[in-house]
Amino acid sequence: MSRAAVLCGLGGALPERIVSNEELAAQLDTSDRWIRTRTGIGQRHVVAPGQSTSDLAVAAGAQALASARGTAGQPDDGVDLVVLATSTPDRPCPATAPDVAHRLGLGGVASFDVSAVCTGFVYALATAASMITAGVAGRALVIGADTFSTILDPADRTTRAIFGDGAGAVVLRAGEAGEPGALLGFDLGSDGSGTDLITVRAGGSRQRSVPGPAAAGEEFFTMDGRPVFTRAVLDMSRSSQNLLERVGWSTAEVDKVVAHQANIRILNAVGEQLGLEEKQIVANLDRVGNTVAASIPLALRDAVAGGELQPGHRVLLTGFGGGLTWGSAALVWPELETGRPHR
Ligand code: UT7
């Protein structure tokens, strides 16, 4: 049997404060009806003043480590790598992962951030899994965490309707290719010609290389919704098909597709492209919105907590986001000790 990275822990965290569609409609020219019918979202969680991405990452990471302890009966001190997917780091520099690792008491482990917006978790998973199979790491904590509420334009009804804050995490250990939980393959890609479709223009070296402050509003996140919608459907469908071919599964053999929770219409369109039945598609965006890098692990956590995702299920993960970027991963779902969900 060849060495593989095996998923053995799962956790997630959401900030306490819930913003309903009605609350948004009281502030902006929108309605519960528009948001529900155009996106499938009913509410989202947002951080409190002073709360940041690292706080959510630490909470989700702690839960995933506890889950791994319960599952494998092994202490955390085996963890030698932390990979944090985020596009809303606590600061532009240094990375947020070392602070998260320190606060989790993981000592001097290797730690770094991965930036691939909504595809971040799949990229981080592929990076950590590859480091485990290459023998560079033995046990990794992989976290997806974002607080997009901190970079949204308060007056932008579209992005404020969609995005929510959160964090999700998994633990990977070294194991063997045939085990449940072993990551079976990845498909990753990008298309930088779409850089401007999902972006924060200011705050980076390009804007800062010109003396003077950023133009008004350029520090906010912007998204060109319609082309992004089209590409999300196309790229997640194509990436999923590529990976299924590589892994040797037909779409009918997949029990659950856990796609990036961007919009229920996108999930349904991907399902149509792939020929999936509704029961194969996992959706939790009605309760959390689009949580960017946290989206896929939070959907996994909710699907496990709700009994929808069971040990032995063939699972396809697929994401799409800024960059543009996309990525998919496949595994057979393992038996996990997940404890009580953290909200
Ligand atoms: O997570 C990373 C990837 N992101 C995504 O995958 C998001 C992809 N895009 C989408 O999900 C959808 O494009 C949106 C939800 C962002 C927008 O939905 P849409 O059906 O594509 O709407 P649209 O942008 O074509 O706008 C239709 C109308 C416009 O009004 P007019 O020009 O027809 O008068 C918008 O101004 O809906 C209006 N609109 C809203 N109305 C009420 C946009 N946002 C809102 C809103 N409430 N919140």
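The exercises below, each with a worked solution, concern the predicted model shown above.

**Exercise 1. The two domains**

Find into which domains the chain is divided, and describe the contact between them.

*Solution.* Begin with the bounds: the domain assignment divides the chain into domain 1, residues 3–176, and domain 2, residues 183–332. Next, take the distance between the C-alpha centres of domain 1 and domain 2, which is 14 Å. The contact takes 46 residues from domain 1 and 43 residues from domain 2. Then turn to the area: domain 1 and domain 2 bury about 3,500 Å² between them, and 69% of this lies on carbon and sulfur atoms. On the side of domain 1, the residues C118, V122 and Y123 supply 16% of the area that this domain buries against domain 2, which is more than any other three residues supply.

**Exercise 2. What the interface is made of**

How many salt bridges and how many residue pairs in polar contact are found across the interface of domain 1 and domain 2?

*Solution.* Taking the salt bridges to start with, the rule finds zero of them across the interface of domain 1 and domain 2. For polar contacts, the rule finds 16 residue pairs across this interface, both residues of a pair being at pLDDT 80 or more. As a further step, look at the elements on the side of domain 1 that touches domain 2: those that each supply at least two residues include the strands β1 (3–13) and β7 (166–176), as well as the helices α2 (32–39) and α6 (157–162). Finally, sort the residues of that side by kind, which gives 26 nonpolar, 15 polar and five charged residues.

**Exercise 3. A threonine in a loop**

Decide whether T119 is buried or exposed, and find which residues T119 is in contact with.

*Solution.* First place T119 in the chain, where it lies in the loop between β5 and α5. The relative accessible area of T119 is 0%, so T119 is buried, since the cut-off for buried is under 20%. Leaving aside the neighbours within four places in sequence, T119 is in contact with G319, F320, G321, T325, W326 and G327. With T325 there is also a polar contact, in which the two side chains of T119 and T325 are joined at 2.8 Å.

**Exercise 4. Unusual backbone angles**

Where do V117 and V292 lie, and what are their phi values?

*Solution.* Start from the general rule that most residues other than glycine have a negative phi, and that most peptide bonds are trans. V117, in the loop between β5 (110–114) and α5 (120–133), has a positive phi near 50°. V292, in the loop between α10 (285–288) and α11 (295–305), likewise has a positive phi, near 60°. Now check the accessibility of each: V117 is buried at 16%, and V292 is buried at 0%.

Turn next to the peptide bonds. A cis bond joins C93 and P94, with omega about 0°, and P94 is placed in the loop between β4 (81–85) and α4 (97–103). Another cis bond joins G323 and L324, with omega about -10°, and L324 is found in the loop between β12 (314–321) and β13 (325–332).

**Exercise 5. A residue in a strand**

Describe the surroundings of I18, beginning with the strand in which it is found.

*Solution.* I18 is found in strand β2, which covers residues 17–20. With a relative accessible area of 38%, I18 is partly exposed. Not counting residues up to four places away in sequence, I18 touches E23, Q43, R44 and H45.

Definitions and conventions
Residues numbered from 1 in each chain as written. Predicted model: local features only at pLDDT ≥ 70, side-chain atom pairs only at ≥ 80, totals over all residues. Heavy atoms only, no water. Helix = DSSP H or I, 4+ residues; strand = E, 2+ residues; numbered from the N terminus. Buried < 20%, exposed > 50% of the residue type's maximum accessible area, 1.4 Å probe, protein only. Contact = heavy atoms within 4.5 Å. Domains from an automatic or database assignment. Buried area = accessible area lost by both parts, 1.4 Å probe. Salt bridge = Lys/Arg side-chain N within 4 Å of Asp/Glu carboxyl O. Polar contact = N/O pair within 3.5 Å; in protein donor to acceptor, adjacent residues only side chain to side chain. Nonpolar A, V, L, I, M, F, W, Y, C, P; charged D, E, K, R; others polar.
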